[in-house]
Amino acid sequence: MYQQVIFVNLPVTDLDASKRFFTGLGYSINPQFSDEKAAAVVISDTIVVMLLTRPFYATFTKKEIADATTTNEVMLCLSAESREQVDELVDRAIAAGGAATGENQDHGSMYGRAFEDLDGHIWEVMWMDPAAIQG
């Protein structure tokens with residue numbers, strides 16, 4: 001049975017220090033989805049926090065990146081069971097008054113689209129081929 005997962009993307013100034021902080025809290029880093037620009041912090045089976053260097057985070061938005069010490073902002077990403085479910089959810093969001101944002105992403109084993117909600121928060125919806133994840 002499919003289980004939806006949430007990925008919380010956070011910009012960080014010092015990736016190594018942030019990784020040490022979260023592993024110090026008892027969480028693990030998934031090396032399959034981590035490199036010098038990002039680290040996947042496994043919070044639970046359904047929650048992953050992606051720590052992204054500020055320059056890498058900037059490649060996902062044209063908006064100014066919030067300084068979390070003075071303002072609060074997040075970018076949310078929901079998993080989908082299929083490519084069709086990605087399209088269905090984003091199309092429903094647009095029909096309900098949201099706005100399409102960013103370019104569609106099609107990397108073969110990954111497919112995604114994004115929308116802004118009524119307050120301008122960015123929601124990405126991403127399908128990933130299960131075979132590629134276990135790769």
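Is Ser79 buried or exposed, and what is its relative accessible area? In this predicted model, Ser79 has a relative accessible area of 9%. Ser79 is therefore buried, as the cut-off for that term is under 20%.

The residue sits in strand β5. Its side chain is joined to that of Tyr2 by a polar contact of 2.7 Å. Apart from neighbours within four places in sequence, the residues in contact with Ser79 are Tyr2, Gln3, Gln4, Val5, Phe7 and Met126.

One of these contacts, Phe7, leads to the nonpolar core. The largest such core has 14 residues, and Phe7, Val48, Met50, Leu52 and Tyr57 are those with the most contacts inside it. At least two residues of this core come from each of the strands β3 (38–42), β4 (47–53), β5 (75–79) and β8 (122–128). Strand β4 gives the largest share, 3 residues.

Leu52 can be followed further. With neighbours within four places in sequence left aside, Leu52 is in contact with Asn9, Leu10, Pro11 and Val12, with Lys37 and Ala38, and with Tyr57 and Phe60. Among these partners, Tyr57 is also listed with the residues that have the most contacts inside the core.

Nonpolar side chains are found on the surface as well. Phe21, Leu25 and Tyr27 form a nonpolar patch there, and together their accessible area is about 300 Å². Within this patch, Leu25 belongs to the loop between α1 (15–24) and β2 (28–30).

Conventions
Residues numbered from 1 in each chain as written. Predicted model: local features only at pLDDT ≥ 70, side-chain atom pairs only at ≥ 80, totals over all residues. Heavy atoms only, no water. Core = buried A, V, L, I, M, F, W, Y, C linked by side-chain atoms within 4.5 Å. Buried < 20%, exposed > 50% of the residue type's maximum accessible area, 1.4 Å probe, protein only. Helix = DSSP H or I, 4+ residues; strand = E, 2+ residues; numbered from the N terminus. Contact = heavy atoms within 4.5 Å. Patch = residues over 30% accessible without salt bridge, like charges linked within 9 Å, V, L, I, M, F, W, Y side chains within 5 Å. Areas by Shrake-Rupley, 256 points an atom, 1.4 Å probe, with all protein chains shown as cover. Salt bridge = Lys/Arg side-chain N within 4 Å of Asp/Glu carboxyl O. Polar contact = N/O pair within 3.5 Å; in protein donor to acceptor, adjacent residues only side chain to side chain.
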